[in-house]
Amino acid sequence: MTTATAELLTVSEVMARLKLGRSTVYDLIRSRRLVSITIGRSRRIPADAVRDFIANEIEEAA
């Protein structure tokens, strides 16, 4: 597995990391609060995008 592949997460992996449901993750993607890319028919979320999302949520909550 290359570094680039390891940096892309599936929706299921993001669900597990954020402890959110599938529809919530897709809502975040749809609202552009969580960056994602499409490769073929697969949706992938960069690990950096998840970290950025968490940082933004913490900043907004403060």
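Val 14 is buried, with a relative accessible area of 0%. Here, buried means under 20% relative accessible area, exposed means over 50%, and partly exposed is in between, using a 1.4 Å probe and protein chains only. This residue lies in helix H2. Helices (H or I, at least four residues) and strands (E, at least two) are DSSP runs, numbered from the N terminus.

A quick word on what you're looking at: this is a predicted model, where local features need pLDDT of at least 70, side-chain atom pairs count only at pLDDT 80 or more, and totals for chains, interfaces and linings use all residues. Residues are numbered from 1 along each chain as its sequence is written, and side-chain values use heavy atoms, with hydrogens and water left out.

Back to Val 14 and its company. Leaving out residues up to four places away in sequence, Val 14 touches Leu 9, Lys 19, Val 25, Leu 34, Ile 45 and Val 50. A contact, by the way, means heavy atoms within 4.5 Å. Take Ile 45: it sits 31 residues from Val 14 along the chain, yet their C-alpha atoms are separated by 7.7 Å.

So what do these residues belong to? The largest nonpolar core has 13 residues, and those with the most contacts inside it are Val 14, Val 25, Leu 34, Ile 45 and Val 50. A nonpolar core is a set of buried Ala, Val, Leu, Ile, Met, Phe, Trp, Tyr and Cys residues joined through side-chain atoms within 4.5 Å. Two or more residues of this core come from each of helix H2 (11-18), helix H3 (22-30) and helix H4 (47-61). H4 gives the most, with 4 residues.

Helix H2 also holds Val 11, which counts as buried at 5% relative accessibility. Apart from its neighbours within four places in sequence, Val 11 is in contact with Arg 22, Val 25, Tyr 26, Arg 43 and Ile 45. Val 11 and Ala 47 are 36 residues apart in sequence, and C-alpha to C-alpha they are 11 Å apart in space.

Over in helix H4 you'll find Asn 56. With a relative accessible area of 40%, Asn 56 is partly exposed. From Asn 56 to Leu 28 is 28 residues in sequence and 13 Å in space, C-alpha to C-alpha.

Now for two loop residues. Each row below gives a residue that is not a glycine but has a positive phi.

| Residue | Place | Phi | Relative accessibility |
|---|---|---|---|
| Lys 19 | loop between H2 and H3 | about 55 degrees | 71%, exposed |
| Arg 32 | loop between H3 and strand E2 (37-39) | about 65 degrees | 75%, exposed |

Lys 19 is worth a second look: it counts as exposed, but it is also among the residues that Val 14 touches.

Stepping back, how is the whole chain put together? There are 4 helices and 3 strands, and along the sequence they follow the pattern α-β-α-α-β-β-α. The chain's radius of gyration is 12 Å, close to the 11 Å that the globule rule gives for 62 residues, so it is as compact as a globular protein of that length. That radius is taken over C-alpha atoms, and the globule rule is 2.2 Å times the number of residues to the power 0.38. Along the principal axes, the C-alpha atoms fill a box of roughly 35 × 25 × 20 Å.

Of the 62 residues in the chain, 23% are buried. Among contacts with a separation of 6 or more, 47% are between residues 24 or more positions apart.

Finally, the outside. The accessible surface of the chain comes to about 4,500 Å², and 52% of it belongs to carbon and sulfur atoms. Accessible areas come from the Shrake-Rupley method with a 1.4 Å probe, and for residues only the protein chains shown count as cover. As for charge, the chain has 10 positive and 8 negative charges, whose mean positions are 10 Å apart. Lys and Arg count as positive and Asp and Glu as negative, while His and the chain ends are not counted. Each charge is placed at NZ of Lys, CZ of Arg, CG of Asp or CD of Glu.
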